[in-house]
Amino acid sequence: MNVLGILLQAAGAGSSQWSGILMMVIIVAIFYFLMIRPQQKRQKAIQKAREAMQVGDKVVTAGGIYGKIKEISDTYMLIEIADGVRIRVDKTSVFASTEDAQQK
C-alpha cells in the first residue's frame with residue numbers, strides 16, 4: 001500500500017472529525033514556517049536596505065540598470081547611469097548593488 005492509502009484509512013477508521021481539522025492545521029503551520037515566514041523576513045531585510053540607502057550609493061534597478069543615487073524622494077530615486085544621464089525610478093524597484101559592497 002502506498003502512504004496516501006494508509007493515511008486515508010487511518011483518518012476514516014472511526015476517528016472523529018477532529019483528525020481532519022488537525023491535519024489542516026498542521027498543513028497550514030508547515031506552509032507558514034517553510035514558505036510565508038521566510039519570505040516576510042526577506043522582504044523586511046530588503047526594506048531596511050532601501051531605507052539605509054543614501055545619495056552616492058551604487059544601486060541596481062529591477063530592470064538590471066546599474067547606477068549611482070543622486071536624489072532620494074518619498075516615492076522615487078534619481079539615478080545617474082552615465083555622465084549626465086539621469087533616470088527617475090520608483091523606490092521599490094531599486095536594490096543595493098553588490099559592486100558597492102565588494103569595494104568597502
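1. Which residue in the turn of the β3 and β4 hairpin has a positive phi? Gly 84 does, with a phi of about 80°. Two residues lie between the strands of this hairpin. The model is predicted, and the values below are computed from it.

2. Overall make-up. The protein has three helices and five strands. From the N terminus on, the elements run α-α-β-β-β-β-β-α. The protein has 104 residues, and 17% of them count as buried.

3. Sheet order. The five strands form an open sheet, in the order β4-β3-β2-β1-β5, and the pairing is antiparallel. At the edges stand β4 (85-90) and β5 (94-96); each has a single partner strand, so one side of each is left without a neighbour in the sheet. Ignoring direction, neighbouring strands of this sheet are turned against each other by 50° on average. As a general point, strands of a sheet pair through backbone hydrogen bonds, either parallel or antiparallel.

4. β1 and β5. Three bridges join these two antiparallel strands. Val 59 has Ala 96 in β5 as its bridge partner. With β5 at an edge of the sheet, β1 is the single partner strand on this side of the order.

5. β1 and β2. This pair is antiparallel too, over three bridges. Lys 58 has Lys 68 in β2 as its bridge partner. The two strands belong to a hairpin with four residues between them. In that hairpin, Gly 64 takes a positive phi near 90°.

6. β2 and β3. Here the antiparallel pairing runs over four bridges. The hairpin has three residues between its strands. Two partners in β3 can be named: Leu 78 is the bridge partner of Glu 71, and Met 77 is the bridge partner of Ile 72.

7. β3 and β4. Six bridges join these antiparallel strands. Leu 78 stands opposite Arg 88 in β4, and Ile 79 stands opposite Ile 87 in β4. Leu 78 therefore has a partner on either side, Glu 71 and Arg 88 in β4. In a regular strand, side chains alternate between the two faces of the sheet.

8. Gly 67. Where does this residue lie? Gly 67 lies in strand β2. The residue has a relative accessible area of 14%; buried means under 20%, so Gly 67 counts as buried. Its C-alpha atom is separated by 5.8 Å from that of Ile 79, although the two residues are 12 apart along the chain. Ile 79 is also the residue that stands opposite Ile 87 in β4.

9. Largest pocket. Its volume is about 160 Å³. The lining has 11 residues. Nearest the centre lie Tyr 66, Gly 67, Lys 68, Glu 80 and Ile 81. Gly 67, buried at 14%, is thus among the residues nearest the centre of the pocket. Lys 68, the bridge partner of Lys 58, is another of those residues.

10. Pocket lining. Which strands each supply at least two residues of the lining? They are β1 (58-61), β2 (66-72) and β3 (76-82). By type, the lining residues divide into four nonpolar, two polar and five charged. The general idea is simple: rolling a probe the size of a water molecule over the atoms shows where empty space is left.

11. Aromatic pair. The count comes to one aromatic pair. The rings are those of Tyr 32 and Phe 33, with centres 5.1 Å apart. Their planes stand at 80°; planes over 60 degrees apart count as edge-to-face, so this pair is edge-to-face.

12. Exposure of that pair. Tyr 32 has 34% relative accessibility, so this residue counts as partly exposed. Phe 33 is at 51%, and the cut-off for exposed is over 50%, so Phe 33 counts as exposed.

Technical notes
Residues are numbered from 1 along each chain as its sequence is written. This is a predicted model: local features need pLDDT of at least 70, side-chain atom pairs count only at pLDDT 80 or more; totals for chains, interfaces and linings use all residues. Side-chain values use heavy atoms; hydrogens and water are left out. On a 1 Å grid over the protein atoms alone, a cavity is a set of points where a 1.4 Å probe fits but cannot get out, and a pocket is an open set with protein on both sides within 12 Å along at least five of seven lines; lining residues have an atom within 4 Å of a point. Grid points are joined across faces, edges and corners, and a volume is the space filled by probe spheres set on the points. Ala, Val, Leu, Ile, Met, Phe, Trp, Tyr, Cys and Pro count as nonpolar, Asp, Glu, Lys and Arg as charged, and the others, Gly among them, as polar. Two strands pair if DSSP finds at least two bridges between them. Axes are lines fitted to C-alpha atoms, for helices over the stretch in contact, and angles run from 0 to 180 degrees between N-to-C directions. Rings of Phe, Tyr and Trp (its six-membered ring) pair if their centres lie within 6.5 Å; planes under 30 degrees apart count as stacked, over 60 as edge-to-face and the rest as tilted. Buried means under 20% relative accessible area, exposed over 50%, partly exposed in between (1.4 Å probe, protein chains only).
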